[in-house]
Amino acid sequence: MSEQISIKTENESIESYYTFDTEPKEEFDKYTHPEISLMLSAKED
C-alpha cells in the first residue's frame, strides 16, 4: 500500500496540483521508486 500527499493551490489564473507518492517506511528499499508529480492548468474565464 502506498502513501500519497496531494496539494491543490489556486490563484487568479492558474490551478496547480502537487502529489508525492511512495511506499511506507517499513516497505521502502532500493527498489522503491517514489514519484513527485506537478500539474499546472490555466483557469477558464
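Two residues are in contact when heavy atoms of the two lie within 4.5 Å. The exercises below apply this idea, among others, to a predicted model.

**Exercise 1. Describe the chain as a whole: how many helices and strands does the chain have, and what are the spans of its C-alpha trace along the principal axes?**

Solution. Begin with the secondary structure, which comes to zero helices and three strands, so that reading along the sequence gives the pattern β-β-β. Next, take the C-alpha trace, which spans about 45 × 15 × 10 Å along its principal axes. Finally, turn to the surface: the chain exposes about 4,200 Å², of which carbon and sulfur atoms supply 53%, while buried residues make up 11% of the 45 residues.

**Exercise 2. Find which residues Ile14 touches, leaving out residues up to four places away in sequence, and decide whether Ile14 is buried, partly exposed or exposed.**

Solution. First locate the residue: Ile14 has its place in strand β2. With sequence neighbours up to four places away left out, the residues that Ile14 touches are Thr9, Leu40, Ser41 and Lys43. One of these, Ser41, is 27 residues from Ile14 along the chain, yet the two C-alpha atoms are separated by 5.7 Å. For the last step, the relative accessible area of Ile14 is 37%, and because this value falls between the limits of 20% and 50%, Ile14 counts as partly exposed.

**Exercise 3. Identify the residues of the nonpolar surface patch, and state which strands each supply at least two of them.**

Solution. The patch is formed by Ile5, Ile7, Ile14, Tyr18, Phe20, Ile36, Leu38 and Leu40, which together have about 800 Å² of accessible area. Matching the patch to the strands shows that β1 (3–10), β2 (14–22) and β3 (35–42) each supply at least two of its residues. Tyr18, for example, is found in strand β2. Why can Tyr18 belong to such a patch? Membership requires over 30% relative accessible area, and Tyr18, which is partly exposed, meets this requirement because its value is 36%.

**Exercise 4. Work out whether Thr32 is buried or exposed, and describe what surrounds this residue.**

Solution. Thr32 lies in the loop between β2 and β3. Its relative accessible area is 14%, and because this is under 20%, Thr32 is classed as buried. Setting aside neighbours within four places in sequence, Thr32 is in contact with Thr22, Glu23 and Glu27. In addition, the side chain of Thr32 reaches the backbone nitrogen of Asp29 at 3.0 Å. Glu44, by contrast, is twelve residues from Thr32 along the chain, and the C-alpha atoms of these two residues are separated by 38 Å.

Methods. Residues are numbered from 1 along each chain as its sequence is written. This is a predicted model: local features need pLDDT of at least 70, side-chain atom pairs count only at pLDDT 80 or more; totals for chains, interfaces and linings use all residues. Side-chain values use heavy atoms; hydrogens and water are left out. Patches are made of residues with over 30% relative accessible area and no salt bridge: like charges are joined within 9 Å, nonpolar side chains (Val, Leu, Ile, Met, Phe, Trp, Tyr) within 5 Å. Accessible areas come from the Shrake-Rupley method with a 1.4 Å probe; for residues, only the protein chains shown count as cover. A salt bridge is a side-chain nitrogen of Lys or Arg within 4 Å of a carboxyl oxygen of Asp or Glu. Helices (H or I, at least four residues) and strands (E, at least two) are DSSP runs, numbered from the N terminus. Buried means under 20% relative accessible area, exposed over 50%, partly exposed in between (1.4 Å probe, protein chains only). A polar contact is a pair of N or O atoms within 3.5 Å; within protein, one must be able to donate a hydrogen and the other to accept it, and residues adjacent in sequence count only if both atoms are side-chain atoms.
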